[in-house]
Structure formats: structure tokens, C-alpha cells
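Student: Got a minute to go through this one with me? I'd like to start with how the elements are counted.

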Amino acid sequence: MVTTVQDSSAQVVRGPATTAPPPTARRRTGPASRRHDTWVAWLLVAPAILGFGVFFAYPMLRGVYLSFTEFHILTPPVFTGLANIQELIHDGRFWHSLGVTAYFVVLSVVLGVGVSLITAVVLHRLGVNTTVRGLMILPFLISGVVTALVWTWMLDPQLGIVNQLITWVTGEPIMFFGSGGWAVPTLAALNVWKSMGYNAVLIFAGLQTIPASIYEAGRIDGASEWQMFRSLTLPLLRPILVMVVILNVISATQVFDIVQVSTKGGPADASLVLQMYIYDKAFGQFDFGYAATMSLALFLLLVAVTFTQLRMARAGESDTN
Amino acid sequence: MRIGRTVAWGYLVVVLLVTIFPFYWILRTALSNNFAMSTDPSSLLPVDFTWGPFKRALGLATPAKAAAEGGSGAKIDLALALWNSVVYAGLLTLCTVVFSALAAYAFARLRWKGRDVVFGVLLTALMVPSVFTLLPNFVLMKDLGLLNTFGGMILPGAFFSAFNIFFLRQFMLGLSNEVEEAAIIDGAGPLRVCFRIVLPMSVAPMATLTLLTFITTWNDYFWPLLVTNDESVRPLTLALAVFKQSSPQASLDWAGLMAATLVAALPMLLLFVVFGRRLVNSIGFTGIK
């Protein structure tokens, strides 16, 4: 996502578009422009523009409008000004769910990116073949629903294999999904399990772009493996790490399926993540206006967090440039 | 150094075990007798081996037989859900890849007024998380009377995907002009160039996108949950969740549920066996760009 935006701006600079290009540039940037290119182009882009307008731009504007209304689906929305925002500010459950979401995001991103980074480096240094990397992305292929189901079964207090093991060691099972303290860390662990391989493969691809000669030079200078990791690998990997962190923050903030299938936000709201609360407001209580307000808040929050991260991490550049 | 390598291998083995064990456990549970399992929950092999759970999941077991092996009586029409998933993920993937490829061609290989502005506007969609458009899109589908139809499930994603357009455009920008220009000199129009030259040359990245889109759509849960509440269009992810929720909490048929889970994950596992290598490489590629 990050690289996306940067690449596109670079592209705009590279390809002279509307101004008449000099003959050499013309050869480079594409076939000679012909008059009927224009209507063919619009024809080819038409489905995408239609989809963008009807299912993205319009719903977005409508979402903003609905945020300021009282809307219960069956009757038309009624404009209520800032009433929803006032409600939001005084809604303890909203702030609670925001806290739960933040806790979940921090746990799963720190743990997830940490484990993925170590795994990627180990894969890279050991020179393991593609098959192993392939096995790592297996969890990425299955849905959050399947993930939640199989882990709910494996973590079952009585019959689950994990708790069999824990009971054998400590004498009593852990209520992973059933206790307030364990619920969010358990969900974060599930999220890490599901996304670790995918992240590791992404980071691995970044590692492959680092030339081996740099490590050779480091070795000649007598650097230890750990020193090379800290002063060569990490700084050179910074751009891709930033991207992985941001992608993970964005997806973790919107976590829904594993929560809905395993804990449903319980016990006693302990794992009530924001998206779960929004869903509950909209489809449990049919309070669509307020649900829209909350998703607007979530959106603004994501924008703010992403930009802060980009700024803090100086994304585009690795430390060597 | 040698110790370091041993530790690294040890770490890798542990990670692989944790990654793969749940898949084995699904299989082990799905081949167990649900009643017998509670007497020997830590057995690493199927307990009292039986095909019963698969028969229950596929609706082939008689009620008496199902009850005897610990079936909960909750029903899941797995064949129908499988078909729904195929239609939903298949059609959506087909549409979005085709329409994205056409748009990408126009953005990458044609020169027209407003091109960069339009492209920039479409790209803004990358910045907005789906949660924000999902609720209003649900309202739109309701207004259009498309709830509980494949149309309602597919339309919002069918025509436009900012990522797919961007991804294909990047690839097409890198294609050489020579073949294209030869065709133009021979009198081929832009449409002919698109369908006869540029699209055939872009088969590889289109295949990658097809694979990635199909996987994400197949696994999607939130959007189908919003727009469907009827078995006739409900895809697998949803059917599984409903199956679990409709079973009595105390006597959950874990064996049957795991059998159903395995059937649901099977198409993805097949894709993995066939395209695993391509998938690994394409994930790396989408990250680097």
C-alpha cells in the first residue's frame, strides 16, 4: 500500500501524458497517440469508473452523511446533526472497544512482525527451499472462520489437545476464550498464526534484495551474526518492515471473523473489538446511523495512525541512502 | 556458528510444527468417533476410526447413525455451500480481473486526456479501509433489492479493484513496444492491440491476481454475512459459522464440524498443491514491486 502510492507518483513524473512529447519520449512511453485512442480508453476504463463511483465513492459519501443521522433501515434517515458524535463521546462501550482493539493490534503486530522477521531471517540464512516457505503460507490460504474453529477446538478446556497438554503439566486447564484476561491475547495469537507465514514470505523477499556481498564485507570486518543483523539487515529492511507493519495494523484494526466465530466479543465484552461492536450496533440493534458514526471514527483513526507511522518510520528510504 | 545453526533449525522446526499441526488435527478429529473422542482426547491418532463425520457433514448419514456417533443433529448442506462459494468467488474473480486488465491497458498503453487524473482518483480507494464502505454498500444493496442474491454479493467488487488495476498497470508499463508498434503499422486499432497483444503478454500477472483474488474472496466472511441470511446463496465460510452456532453448546459435534471444515478448506489446499510455488513468489513480488 505504501509503495503503491509512491510508485504511482513516480510514474506520473516519468510518463509525459497530456503534453505533446518529443519524438524520443514518444517512442519510449507508448505507441503513437491516435485520435480514436481517447474514446477507446474511456470505453475500457468505463467499468472501473462505474464500479468506483457506485460502490466506492457514493457509499463513502453516504457513509459520512449517515454518520449524522438517526437511521434504522426501515424508515428513511433523519438528520440529527452532532447527536451521534455526542453519543459516541459518552459511550463507555465504544471507548472500551477502542481499548480492546488497540490492545489486540499492539499484541498481534508486535508479536506477529517479530516472529515473522525472525522466521524470515532464519529461512534466509539457512537457505531453505521454496517448499518450506510454501508450507508456511498454508494458514494464509484458509479463512478466519476455519482458523477460529480449529483453534477453538484445540484450545477447548476439556477436550482440546492444547489443554490436555497444559493440564498434564500444570494440573489445570486454561480457559483461553472463556476468561477475560486470556481472550484478547488468545485472539492475537490466532491472528499471528494465520498471518505469520505470509509476512515472513514478504520480509524474505525483501531480504533477497540485499546483496550477499554486503554480508561478506561484514564478515571480513569480523562482525558477528547478531551485529550484521542489527547494523546491516534491519536498516536495509526498513522500507519493507514499515510496509508489513502498516498492512498488519490496518488488517488487525478491522479484525472481525475470528472474534465473531470464537468469542463473539465475550466474555463480558472482554474481546469486544470495534468492528464487532459496529456490527452489533448495525445488525443486532439496527442502529445504522450510530454504526456509521463509529466506522467513520475508525476510518479517521486508521488514517491518522497510518500517517503517523509513515512519518515516524521515514518509510521510503532505508538508512543507507 | 554451528550452535547458531542448530538453534536456527530447531526454531524452524518448531514454527513449522505449530503451523502445520492444526491441519493434521482437523484430519485426525474428522476421522474420529465423536463419542469415543471424549474418552481419549489426547490420542494423536483418530479415535475409533470412522468415516461417519464426513458422511454427516455431507448429509449422507442416516439420522440414527449420526446420533449414534455423536452427531448433533445440526444440519449443513455442504454441497450447496460449496457451490455457492464457487459461484461467488469464481464470478467475482473473473469480473474483477477482466475489468481491471482492460482499465490497466488504457492507463498503461494508451495516451488520452485526463488519464493521470482519473488514475490518481481511482487510486485513492487504496487508502480507505473496507469497513467504511461496507455498511453503506449494504444499504445500497438493500435499496436495490439485491440482498440474498449472488448479484448483491458480487457487484460491489466486480467492476473495480484499485489494487488489481495498479498491479497490472505496473506490469504493462514494463512491456516493450516493438510488437505493439509492428501491429499498429499493420493497421491494428487499440482494441485489437489490447486483446491480441498486450493481454496475452500479461497472462502471468493476471494469473497471479486471479489466484490471490480467488483466495481472498473464498475466505471472505464479513460481506457475505451482511448481505445473505439464506441458505440458498450462503457461501462456505458462513455455512460453517452457522453450523457451529446452531449446534447445542454442550454437545458440539466436533468431529462433524472438523470434517466440514476440511471439506471447506480442501479447494484452497488443492490450489496450494498446484500453485504453491507461484503463490510464494507472487506474494514476494506484490510486496516488493
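Tutor: Sure. Helices here are DSSP runs of H or I with at least four residues, strands are E runs of at least two, and both are numbered from the N terminus. Keep in mind that this is a predicted model.

Student: OK, so how many helices and strands are there in chain A?

Tutor: Chain A has 15 helices and 2 strands.

Student: And what percentage of chain A counts as buried?

Tutor: 53% of its 321 residues. As for contacts in chain A between residues at least 6 apart in sequence, 67% of them join residues at least 24 apart.

Student: Which residues of chain A does UniProt list as "transmembrane region"?

Tutor: The unreviewed UniProt entry gives 39-61, 100-123, 135-154, 174-193, 236-256 and 288-307 for chain A.

Student: How much helix is there over 174-193?

Tutor: Residues 174-193 of chain A are 70% helix and 0% strand, with the end C-alpha atoms 19 Å apart. Residues 288-307 of chain A are 100% helix and 0% strand, and there the end C-alpha atoms lie 29 Å apart.

Student: Switching to A:T293, which helix is that in?

Tutor: A:T293 belongs to helix α15 of chain A, residues 288-313.

Student: Buried or exposed?

Tutor: Buried, because its relative accessibility is 4% and the cut-off for buried is under 20%.

Student: What does the side chain of A:T293 reach?

Tutor: One partner is the backbone oxygen of A:S67, at 2.8 Å. Another is the backbone oxygen of A:G289, at 2.9 Å. Leaving out residues up to four places away in sequence, A:T293 touches A:S67, A:N84 and A:I85.

Student: Now chain B. Where does UniProt place "transmembrane region" there?

Tutor: For chain B, the unreviewed entry has 7-27, 86-108, 117-140, 146-168, 197-218 and 254-275. Residues 86-108 of chain B are 100% helix, with end C-alpha atoms 32 Å apart. Residues 146-168 of chain B are 70% helix, and their end C-alpha atoms lie 30 Å apart.

Student: At what angle do α8 of chain A and α1 of chain B pack?

Tutor: About 75°, with the axes of α8 (residues 144-154 of chain A) and α1 (residues 2-30 of chain B) 10 Å apart. So α8(A) is roughly perpendicular to α1(B).

Student: Which residues make the contact?

Tutor: From α8(A), A:V150, A:W151, A:W153 and A:M154; from α1(B), B:F21, B:P22, B:W25, B:I26, B:R28 and B:T29. By class, that contact of α8(A) with α1(B) has 8 nonpolar, 1 polar and 1 charged residues.

Technical notes: Residues are numbered from 1 along each chain as its sequence is written. Chains are lettered from A and ligands numbered from 1 in the order in which they are written. This is a predicted model: local features need pLDDT of at least 70, side-chain atom pairs count only at pLDDT 80 or more; totals for chains, interfaces and linings use all residues. Side-chain values use heavy atoms; hydrogens and water are left out. Axes are lines fitted to C-alpha atoms, for helices over the stretch in contact, and angles run from 0 to 180 degrees between N-to-C directions. Angles under 35 degrees count as roughly parallel, over 145 as roughly antiparallel, 65 to 115 as roughly perpendicular and the rest as oblique. Contact means heavy atoms within 4.5 Å. Ala, Val, Leu, Ile, Met, Phe, Trp, Tyr, Cys and Pro count as nonpolar, Asp, Glu, Lys and Arg as charged, and the others, Gly among them, as polar. Buried means under 20% relative accessible area, exposed over 50%, partly exposed in between (1.4 Å probe, protein chains only). A polar contact is a pair of N or O atoms within 3.5 Å; within protein, one must be able to donate a hydrogen and the other to accept it, and residues adjacent in sequence count only if both atoms are side-chain atoms. UniProt positions are given in the numbering used here, feature names are shortened, and annotations may be inferred rather than shown by experiment.
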